[in-house]
Amino acid sequence: MYSAPSGILSLTMKRAILVTGHYWHSKRKAGFHWLADALHRLGWEVIFFTAPISWLSVIRQDYRLAYPVLQEANRLIQVDQGMWSYVWFTPWHPANLRLKFLNQLCHRLFDGYSKFPLAAIEPIISQSDLIIFESTPALLLFERFKQLNSRAKFIYRVSDDLRLLGNHPVVLETEQHIAGKFDLVSVPSQPIYRLFEGLPQLRLNVHGIRPELFEQEYVNPYPSSNHPNLIFVGNSNFDHNFLAHASQLFPDWYFHIIGSINNLPDRPNIITYGELPFEQTIPYIKYADIGLQTLSYRPGMESMTNSLKIIQYTYCQLPIIAPLYLHSSRSNFCYYQPGDALSIQHALQEAFNYNRTQISKDAIYSWDEIIKQFIQTVV
């Protein structure tokens, strides 16, 4: 008989498993961290299931390896009362090998990813009430989870467009095959919504926020100055060309870059911080004058019009500078043509002169509200 660790198989609490590419203790706080947090605060028992991660991740120097994922591999780790982390570490996982013939060669191998042992987590899957999958290669586990527990409600939260992330074809094929089998398919933006249009269980749920965290008083991290402070928070697809032009056009403006971004221009008005724990980024957003969503283009980037960062910037009533291809219905966007110095200058000036009191927070929901919408939809 299965013997669970103390506190795990509660007889009174509903249980949810969130299958995500993120690691619970990561400095980067993604939507799935906040969904897990909201469920936990609503009284659910939550297992934060990290996958995929494998020896291929080690070869690729995955950022998650900065955390004790290898020590915690395939073990249920309690992080709070009723909150657990599980890192499903496997020999390999479906990964885009960049060359078409290599992807074809490994297609059958990657298709068998879900057959690796689930060890201690398998009995817990079979006794869970809600299972939420993120858009990652771990989607290949859906059918196996469904076999283990056909009574659970299954939600697909499409945080990102898998095409944008450059996933292996077997992952894209799996998504297409199983999307219609979920009890709810939830997407954060219109571009991603259009990818699943026609599914009766499709819903648009933009990312949320923890308003109480942003309403707290913080020490202003910016030195007293009459010059504006612009903030970028992120780790990928940064438009280096924008920053090169902007920092030169406005040498008295300060550009604050939070995230693991290399090869930035070496100028006194560009201040870099590396990756910070989420809570430490809040005052930089709250007290900024302008938010930057300055991303370089790649297919699928249009889905970033309602990213978590956009929600946070808007909640703090920041005008947002973004490239033209990120067209949004939000009124606080100021657009530039990538590579065009005059266009960049106009966007910066427009953002500087923007009346921030016009930026509405009314359509921004808390993560608690979003998770309640999920539950009400599938129950």
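**Exercise 1.** Work out whether tryptophan 55 is buried, partly exposed or exposed in this predicted model.

*Solution.* Start with the relative accessibility of tryptophan 55, which is 48%. The partly exposed class lies between 20% and 50%. So tryptophan 55 counts as partly exposed.

**Exercise 2.** Classify the ring pair of tryptophan 55 and phenylalanine 89, then place both residues in the chain.

*Solution.* Some background: a pair of aromatic rings is described by the distance of the centres and the angle of the planes. The structure holds 28 aromatic pairs. In the pair of tryptophan 55 and phenylalanine 89, the centres are 5.0 Å apart and the planes stand at 85°, so we call it edge-to-face. Now for the chain: tryptophan 55 belongs to helix 2 (residues 55–59) and phenylalanine 89 to strand 4 (residues 83–90), so that 34 residues separate them and the pair links distant parts of the chain. As for its surroundings, phenylalanine 89 has 11% relative accessibility and therefore counts as buried.

**Exercise 3.** Do the same for tyrosine 113 and phenylalanine 116.

*Solution.* Check the distance against the cut-off: pairing needs centres within 6.5 Å, and here they are 6.4 Å apart. Next, the angle: the planes sit at 75°, so this pair is edge-to-face. Finally, accessibility: tyrosine 113 is buried at 0%, and phenylalanine 116 is buried at 16%.

**Exercise 4.** Find what arginine 28 touches, using a ring and a charged partner.

*Solution.* First the ring: arginine 28 lies over the face of tyrosine 63, 3.6 Å from the ring centre. Then the charge: arginine 28 makes a salt bridge with glutamate 275, at 2.2 Å from N to O. Where do the two sit? Glutamate 275 is in the loop between strand 11 (270–274) and helix 11 (278–286), while arginine 28 is in the loop between strand 1 (15–20) and helix 1 (31–41), 247 residues apart. With a relative accessible area of 23%, arginine 28 is partly exposed.

**Exercise 5.** Look at the salt bridge of glutamate 215 and lysine 361, and say which parts of the chain the pair ties together.

*Solution.* The count comes to 13 salt bridges. In this one, N and O are 3.7 Å apart, and the cut-off is 4 Å. Glutamate 215 lies in helix 9 (residues 211–215) and lysine 361 in the loop between helix 13 (341–352) and helix 14 (367–378), so the pair ties together parts 146 residues apart in sequence. Glutamate 215 is partly exposed at 45%, and lysine 361 is partly exposed at 31%. Elsewhere, salt bridges with shared partners join Asp37, Arg41, Arg210, Glu212 and Asp368 into one network.

Terms used: Residues are numbered from 1 along each chain as its sequence is written. This is a predicted model: local features need pLDDT of at least 70, side-chain atom pairs count only at pLDDT 80 or more; totals for chains, interfaces and linings use all residues. Side-chain values use heavy atoms; hydrogens and water are left out. Rings of Phe, Tyr and Trp (its six-membered ring) pair if their centres lie within 6.5 Å; planes under 30 degrees apart count as stacked, over 60 as edge-to-face and the rest as tilted. Helices (H or I, at least four residues) and strands (E, at least two) are DSSP runs, numbered from the N terminus. Buried means under 20% relative accessible area, exposed over 50%, partly exposed in between (1.4 Å probe, protein chains only). A charge sits over a ring if NZ of Lys or CZ of Arg is within 6 Å of the ring centre and within 35 degrees of the ring normal. A salt bridge is a side-chain nitrogen of Lys or Arg within 4 Å of a carboxyl oxygen of Asp or Glu.
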